[in-house]
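Colleague: Please take one part of this model and go over it closely. Then set it in the rest of the fold.

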Amino acid sequence: MERIEQYDIDLKNLRDSSATYNYNVGDEFFKLIEATGIEKGNLEVSLTVKKGIGAFKLNFHIQGVVICICDRCLDEVEVDVDTDNVLNVKFGEEFSDDEDIVVVPEVEGKINVAWYIYEFAYLSLPYRIVHEEGECNEQMQEKLNDFMRYDSNDEGSSCSAEEGSDESETEEIDPRWNALKKILNNN
């Protein structure tokens with residue numbers, strides 16, 4: 001990732017006990033981050049830095065829309081982002097990014113928050129990113145359906161991803177596979 005200097009926060013020279021920074025994160029930001037997951041977007045970021053005794057608390061409020069890839073049809077889909085996150089920072093000898101606290105070298109005294117903005121936005125996304133029902137790319141849905149086999153013997157219309165299977169075969173199916181087919185049908 002390229003260091004984006006406009007996202008540097010000079011903690012060492014923070015004069016007041018609290019400071020607020022506002023960023024408008026757009027498509028160019030996501031290109032510079034060079035990470036997969038979020039292709040484009042428009043986010044408003046409000047960052048409040050509070051200075052404590054030997055530590056800093058960075059409160060991020062991120063709101064807007066990002067463009068991701070639909071897990072079902074592979075087209076772009078807009079996803080709303082609205083998240084609040086806290087990052088605890090302290091000075092130390094060398095940089096460290098533990099789960100609980102980020103250590104910034106005291107000599108340098110700066111932290112670049114660009115990656116944290118991306119990370120917090122990405123972590124707020126749902127586990128499964130798909131279009132609303134009926135909005136997926138119809139051509140891709142048709143291609144997927146060509147490779148799905150529907151078994152009329154099962155409850156509902158569960159399906160499996162078997163390609164080129166012989167419909168006339170009447171082999172006994174292990175009941176565990178039927179349970180797995182139901183899971184596949186829910187996707």
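Modeller: Two strands pair if DSSP finds at least two bridges between them. Helices (H or I, at least four residues) and strands (E, at least two) are DSSP runs, numbered from the N terminus. The model is predicted, so local features need pLDDT of at least 70 and side-chain atom pairs pLDDT 80 or more, while totals for chains, interfaces and linings use all residues. Residues are numbered from 1 along each chain as written, and side-chain values use heavy atoms, without hydrogens or water.

My choice is strand β7, residues 102-105. Take its side chains. Val102 and Val104 point one way. Val103 and Pro105 point the other way. In a regular strand, side chains alternate between the two faces of the sheet. Every one of these four residues in β7 is buried (under 20% relative accessible area, exposed being over 50% and partly exposed in between; 1.4 Å probe, protein chains only).

Now the neighbours of β7. Strand β5 covers residues 76-92 and runs parallel to β7. The two are joined by 4 bridges. Within this pairing, Phe91 faces Val104 of β7. Strand β6, residues 96-97, also pairs with β7, here in the antiparallel sense. That pairing has 2 bridges. Ser96 has Val103 of β7 as its bridge partner. β6 and β7 make a hairpin, with 4 residues between them. So what does the whole sheet look like? It is open, has 6 strands and mixes its pairing, in the order β2-β3-β4-β5-β7-β6. β2 (18-25) and β6 stand at the edges, because each has a single partner strand, and so one side of each lacks a neighbour in the sheet. β7 sits between β5 and β6 in that order.

Further along the sheet, take β3 and β4. Strand β3 spans residues 40-51, and strand β4 spans residues 56-69. They pair antiparallel over 12 bridges. In β4, Val66 stands opposite Gly41.

Next, the cysteines. Cys68 is buried, at 0% relative accessible area. Cys70 is buried too, at 1%. The structure holds 0 disulfides (cysteine sulfur pairs within 2.5 Å).

The exposed side deserves a look as well. Thr36 lies in the loop between α1 (27-33) and β3. At 71% relative accessibility, Thr36 counts as exposed. Leaving out residues up to four places away in sequence, Thr36 touches Tyr118 and Tyr122 (a contact means heavy atoms within 4.5 Å). Thr36 and Tyr122 are 86 residues apart in sequence. In space they are 9.7 Å apart, C-alpha to C-alpha. Leu180 belongs to helix α4, residues 175-186. Leu180 counts as partly exposed, at 44% relative accessibility.

Finally, the chain as a whole. It has 4 helices and 10 strands. Along the sequence, they follow the pattern β-β-α-β-β-β-β-β-β-α-α-β-β-α. Of its 187 residues, 32% count as buried; the four residues of β7 are buried. Among contacts in the chain with a separation of 6 or more, 56% come from residues 24 or more positions apart.

Back to β7, then. This strand pairs parallel with β5 and antiparallel with β6. Its side chains point two ways, with Val102 and Val104 opposed to Val103 and Pro105.
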